[in-house]
Amino acid sequence: MVPAKKVYLLLLLGLAIAPILSLLIGVTFSIAITLLFDIAVLGLMVVDGWRVRTLRVQVSRQLPSRLSIGRDNPVVLNVTSEKTNAVIQIRDDYPVGFGVSVTALNATIAANTTQELTYSVQPTQRGEFAWGNIQVRQLGRWGLAWSDWQIPQSVQVKVYPDLLGLRSLSIRLTLQSSGSMRQSRQLGIGTEFAELRNYRTGDDLRLIDWKATARRVGIPLVRVLEPEQEQTLIILLDRGRLMTAKVKGLQRFDWGLNATLSLALAGLHRGDRVGVGVFDRLMQTWIPPERGQHHLSQLIDRLTPIQPVLLESDYLGAVTNVVQQQTRRALVVVITDLVDVTASTELLAALTRLAPRYLPFCVTLRDPQVDQLAHTFSPDITQTYRRAVALDLLAQRQVAFAQLKQKGVLVLDAPANQITDQLVERYLQLKARNQL
């Protein structure tokens, strides 16, 4: 039981009128009346708090079956008041370290109604976490006391990669398949025959099917081509030392894992065979290439438990493993980060080994804070030195990327928190242009 504000106000009122009573009826009677008043207030408070026990609201929690890291995941508390209007305060015992939209929920629930109270949590780590009980306070009818109790709702929850982002991407890819992809087919991009249609102004004359046109006099027919399907996409995700650093609240590895699953979803949606490898000094996880949407569930289950480690990554070993496992041509995407030209020497040697038999694609996750430091002028000497270091890091990255491009390696360098969208868009462009 917790006293409400009204109790403190009444007690202060008793103290305030005590001097006035002492002047009117004497000090002794004034003290006695004040004490009786305070005792009455406290007694009414106890009764008010005790009465709440028979009027307590019912609270239940609804959690998503799988939480997404780095996203606002909604949590719904269903509150039912059966007998009276209820003024309540609720604190949910969410896992330590989670970001939360509100720490306490306040509401007034009408009698014989159920109300949904919603807040959101933002996990910053993957794994399994304990959700505790629900702490509830309900104000008595007289507004003198809060009845305080816990509702047992302990449960274990699992935090996965960005599943909400995967759902949004899946919808976007589906819409593109019926919209922009149809447009790309009309432009004749690709190598596989899809259909015949009537000639339109601006169509490439080389795509006219003269035999089909001859059978249909007067209306030229054009061959519609689409990108070749059933190609192979291999994604190599680095989980070494460089991927342990935090960027925008998440480890760089988590941003890379989100990008890996999104790219895999895009590849499976476009009919490609998708395989994934996670490496540090050794190839720790290898999932052979398969096609079909069911393969995405396997990738999520296998990759979710993996965490980055403080070990130097062996790029050459990872690439050698791919060459041994994958004999046919494939797009090989390496998701990692680099610091400078010297540190990128091994990465350059490994990716160079892939060309020209495979199409190597280096994806690096940049820290946007470095960009901000490099482009922010400050008269402060310390900040000036930091800006100089940031500019030097960016310059060395550009040199390393230039060397990769000279060796025929595709390069994508983007802020870690933006890498997913840019990587998927780049992959779709490669598919549309039939570069693989």
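## Sheets, a helix pair and unusual backbone sites

Thr 80 stands opposite Thr 114, a residue of strand β8. The structure in which these two threonines face one another is a predicted model, and the description below starts from the strands around them.

**The sheet with β8.** Strand β4, residues 73-81, pairs with strand β8, residues 113-122, in the antiparallel sense and over 9 bridges. These two strands belong to an open sheet of 4 strands, whose order is β2-β4-β8-β6 and whose pairing is antiparallel. At its edges lie β2 (58-62) and β6 (99-100), each of which pairs on one side only. In general, the strands of a sheet are held in pairs by backbone hydrogen bonds, and the pairing may be parallel or antiparallel.

**A second antiparallel sheet.** Another open sheet is built from 5 strands in the order β1-β11-β10-β5-β7, again with antiparallel pairing. Its edge strands are β1 (2-3) and β7, and each of these has a pairing partner on one side only. Where β1 meets β11, residues 145-151, the two strands share 2 bridges, and Val 2 stands opposite Trp 146 of β11.

**An enclosed strand.** How many of the 7 residues of strand β15 are buried? In β15, residues 232-238, 7 of the 7 are buried, so the strand is largely enclosed by the rest of the structure. As a rule, side chains in a regular strand alternate between the two faces of the sheet. Both faces of β15 are covered, with Thr 232, Ile 234, Leu 236 and Asp 238 buried on one side and Leu 233, Ile 235 and Leu 237 buried on the other. Strand β15 pairs in the parallel sense with β18 and also in the parallel sense with β20. The bridge partner of Leu 233 in β18 is Val 274, while Leu 237 has Ile 335 of β20 as its bridge partner.

The strand pairs described so far are set out here.

| Strand pair | Sense | Bridges |
|---|---|---|
| β4 (73-81) and β8 (113-122) | antiparallel | 9 bridges |
| β1 and β11 (145-151) | antiparallel | 2 bridges |
| β15 and β18 (273-279) | parallel | 7 bridges |
| β15 and β20 (331-336) | parallel | 5 bridges |

**Two packed helices.** Helix α8, residues 315-325, packs against helix α9, residues 345-354, at an angle of about 15° and with the axes 8 Å apart. Because angles under 35 degrees count as roughly parallel, α8 is roughly parallel to α9. The crossing in which α8 passes α9 is right-handed. From α8 the contact draws on Tyr 315, Leu 316, Val 319, Thr 320 and Val 323, and from α9 on Glu 346, Leu 347, Ala 349, Ala 350, Arg 353 and Leu 354. Sorted by kind, the residues of this contact comprise 8 nonpolar, 1 polar and 2 charged.

**Unusual backbone sites.** Most residues other than glycine have a negative phi, and most peptide bonds are trans. Against that background, the bond joining Ala 355 and Pro 356 is a cis peptide bond, with omega about 0°, and Pro 356 is placed in the loop between α9 and β21 (359-366). Asn 112 is not a glycine, yet its phi is positive, near 60°; this residue lies in the loop between β7 (105-109) and β8. Is Asn 112 buried or exposed? Its relative accessible area is 64%, and values over 50% count as exposed, so Asn 112 is exposed. Lys 248 likewise has a positive phi, about 55°, although it is not a glycine, and it is found in the loop between β16 (246-247) and β17 (250-251). With 59% relative accessibility, Lys 248 counts as exposed.

Conventions: Residues are numbered from 1 along each chain as its sequence is written. This is a predicted model: local features need pLDDT of at least 70, side-chain atom pairs count only at pLDDT 80 or more; totals for chains, interfaces and linings use all residues. Side-chain values use heavy atoms; hydrogens and water are left out. Two strands pair if DSSP finds at least two bridges between them. Axes are lines fitted to C-alpha atoms, for helices over the stretch in contact, and angles run from 0 to 180 degrees between N-to-C directions. Angles under 35 degrees count as roughly parallel, over 145 as roughly antiparallel, 65 to 115 as roughly perpendicular and the rest as oblique. A crossing is left-handed if the near helix is turned anticlockwise from the far one by less than a right angle, and right-handed if clockwise. Contact means heavy atoms within 4.5 Å. Ala, Val, Leu, Ile, Met, Phe, Trp, Tyr, Cys and Pro count as nonpolar, Asp, Glu, Lys and Arg as charged, and the others, Gly among them, as polar. Buried means under 20% relative accessible area, exposed over 50%, partly exposed in between (1.4 Å probe, protein chains only).
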